[in-house]
Amino acid sequence: MPRDSNGFLTPGRITATRQVPGGIPRPEYVGRSSPRVVERDTYNEEEISRIREAGRIAALTIEAVGNAIRPGVTTDELDRIGHEFLISQDAYPSTLGYRGFPKSLCSSINEVICHGIPDNTELVEGDIINIDVTAFKNGMHGDTNRTFLVGDVPQEVEELVNRTREALARGIKAAAVGRKVNVIGRAIESYAARFGLGVVREYTGHGVGEAFHSGLVIPHYDSPAHSQTIEHGMVFTIEPMLTLGSPKWEVWEDGWTVTTTDKSMTAQFEHTIVVRDSGVEILTLP
Ligand code: MF3
Ligand code: CO
Ligand code: CO
């Protein structure tokens, strides 16, 4: 089992590539080394309905995966469940083949901040695990993630998870047409600071819709340099990663798995939202 003698994660074995039925349309980047750049962040109502449908499928996928979370299950089995659910909805798992990512969801345990690759790691009681799913359907991506507890976890860790969920809620509340995008990070960072939690800075929210990641960057900390004004119809994710210790990070040799450098526990929650003159709507609800 891929853990070291201190119980920290180590790279595991990755299973063969799962297949997607030929009838399910693929994003343009599949089979290419990197995506085409789509610099478009506002959408009309018909397009928003399509992002909402993709987002709903992503959220339902996370529910299906969450129902299987228990000690002893491998992250590869969770990936299999997510993959089968997505294709049952005629959706493509957006991460599969994205810049070479090999699986249909990201599974990030304990000190893994994000982009963990499903493998033969078994969950154990006391773990926390983030499941991040993006679905592609009718030409649009919907991107969401949640952190789950595996059985009983230490109180401090449960609080980290609850506070990260609340940090996302505060970021969503801060978003409004006419405000600058950095108000979102300011709300998240000031909430996290109350509890002495770290905020990961270099991984951010992003524009999403026609592209999995547009050029739009949504920081989770107060970054006055990100001074873009939020417009009516803008669609983007907010996905704060909070840490119990330092928010400094490093990446495994696999090129994907991002962990805290001090191996402190970290949690994340993500929604795709649309901001309108009338307020914010979450597009990744089940
Ligand atoms: N879903 C992640 C995000 O929230 C991106 C995962 S990209 C992958 O932006 F290649 F790691 F899957
Ligand atoms: Co995202
Ligand atoms: Co995501």
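Modeller: First, a nonpolar core is a set of buried (under 20% relative accessible area, 1.4 Å probe, protein chains only) Ala, Val, Leu, Ile, Met, Phe, Trp, Tyr and Cys residues joined through side-chain atoms within 4.5 Å. This is a predicted model, with local features needing pLDDT of at least 70, side-chain atom pairs 80 or more, and totals for chains, interfaces and linings using all residues. Residues count from 1 along each chain, chains are lettered from A and ligands numbered from 1 as written, and side-chain values use heavy atoms, without hydrogens or water.

Colleague: Okay, which helix gives the most to the largest core?

Modeller: That core has 31 residues, and Ile128, Ile184, Ile230, Phe236, Ile238 and Leu242 have the most contacts inside it. Helix H3 (155–174), helix H4 (182–194), strand E9 (234–238) and strand E14 each supply at least two residues (DSSP runs, at least four residues for a helix, two for a strand). With seven residues, the top contributor is H3.

Colleague: And which Glu does Ile238 touch?

Modeller: Leaving out residues up to four places away in sequence, Ile238 touches, with heavy atoms within 4.5 Å, Leu168, Ile184 and Phe269, among others. Also on its list is Glu270.

Colleague: How far apart are the cobalt ions that Asp143 bridges?

Modeller: The cobalt ion (ligand 3) is coordinated by Asp132, Asp143 and Glu270 at 2.1 to 2.4 Å (donors are N, O and S within 2.8 Å, or 3.2 Å for Na, K and Ca; no water, so sites may look incomplete). Both Asp143 and Glu270 are buried. Asp143 bridges ligand 3 and the cobalt ion (ligand 2), and their separation is 3.3 Å.

Key: Buried means under 20% relative accessible area, exposed over 50%, partly exposed in between (1.4 Å probe, protein chains only).
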